[in-house]
Amino acid sequence: MQPTPTSAEPVPSDRVPQGEDDEQLDARLWQRRMRVTAALLGLWLLATFGVAYFARELSIVVWGWPLSFWVAAQGALLVYMALVVAYAVRMGRIDDERDATTAGRR
């Protein structure tokens with residue numbers, strides 16, 4: 001059984017530029033956070049407007065209601081939940097990298 005890694009373990013040296021101070025590290029990690037946020041917002045936009053737009057082309061009617069819009073709405077909810085989980089996991093990893101990097105300097 002392998003030990004589980006802790007956030008106090010140092011980050012591999014290939015991931016942390018040498019001579020980087022706390023301000024540079026914060027700026028670099030902030031850029032990574034913004035890229036992750038922008039990518040997930042792009043997926044949110046696509047799930048919200050793209051799927052509903054193309055759902056018009058599916059012409060399945062059940063009891064007088066268009067089935068395609070219902071399926072698109074339910075699928076969008078699943079995408080939203082996946083986006084929240086992906087955001088939480090990715091930001092947690094970035095925060096762990098920050099904590100491990102600063103702990104390795106002390």
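Aromatic rings of Phe, Tyr and Trp, the last taken by its six-membered ring, count as a pair if their centres lie within 6.5 Å. The structure, a predicted model, holds one such aromatic pair. Trp 44 and Phe 49 form this pair. Their ring centres are 6.4 Å apart, and the planes meet at 85°. The arrangement is edge-to-face, because an angle over 60 degrees falls in that class. Trp 44 is partly exposed, at 37% relative accessibility. Phe 49 counts as exposed, at 51%.

Both aromatic residues also belong to a nonpolar surface patch. Leu 41 and Leu 45 complete the patch, which covers about 420 Å². Leu 45 is found in helix H1, a helix that spans residues 22–54. The relative accessible area of Leu 45 is 45%, so this residue is partly exposed.

The overall fold was examined next. The chain contains two helices and two strands. Their order along the sequence is α-β-β-α. The chain has 106 residues, and 22% of them count as buried. Its exposed surface is about 8200 Å². Carbon and sulfur atoms supply 66% of that surface. Among contacts with a separation of 6 or more, 75% join residues that are 24 or more positions apart.

In soluble globular proteins, nonpolar side chains tend to be buried together. The largest nonpolar core in this model has seven residues. Its members are Leu 25, Leu 29, Val 36, Leu 40, Leu 83, Met 91 and Ile 94. Helices H1 and H2 (67–105) each supply at least two of these residues. H1 gives the largest share, with four. Ile 94, a member of the core, is in contact with Leu 29, Arg 32 and Arg 33, leaving aside neighbours within four places in sequence.

Charged side chains also connect the two helices. The structure holds four salt bridges. One of them joins Arg 28 and Glu 97, at 3.6 Å from N to O. Arg 28 lies in helix H1 and Glu 97 in helix H2, so this bridge ties together parts that are 69 residues apart in sequence. Glu 97 forms another salt bridge with Arg 32, and here the closest N and O atoms are 2.6 Å apart. Arg 32 lies in helix H1, so the pair with Glu 97 of helix H2 ties together parts that are 65 residues apart in sequence. Arg 28, Arg 32 and Glu 97 are thus linked in a network of salt bridges.

Burial varies within this network. Glu 97 is buried, with a relative accessible area of 6%. Arg 32 is buried as well, at 12%. Arg 28 is partly exposed, because its value of 23% is not under the 20% that marks a buried residue.

A further salt bridge joins Asp 95 and Arg 33, at 2.8 Å from N to O. Asp 95 lies in helix H2 and Arg 33 in helix H1, so the pair ties together parts that are 62 residues apart in sequence. Arg 33 counts as buried, at 19% relative accessibility. Asp 95 is partly exposed, at 35%. Beyond neighbours within four places in sequence, Arg 33 is in contact with Met 91, Ile 94 and Asp 95. Met 91 and Ile 94 are members of the largest nonpolar core. Arg 33 therefore is in contact with core residues and is also bridged to Asp 95.

Notes:
Residues numbered from 1 in each chain as written. Predicted model: local features only at pLDDT ≥ 70, side-chain atom pairs only at ≥ 80, totals over all residues. Heavy atoms only, no water. Buried < 20%, exposed > 50% of the residue type's maximum accessible area, 1.4 Å probe, protein only. Contact = heavy atoms within 4.5 Å. Areas by Shrake-Rupley, 256 points an atom, 1.4 Å probe, with all protein chains shown as cover. Patch = residues over 30% accessible without salt bridge, like charges linked within 9 Å, V, L, I, M, F, W, Y side chains within 5 Å. Core = buried A, V, L, I, M, F, W, Y, C linked by side-chain atoms within 4.5 Å. Phe/Tyr/Trp six-rings, centres within 6.5 Å; stacked < 30°, edge-to-face > 60°.
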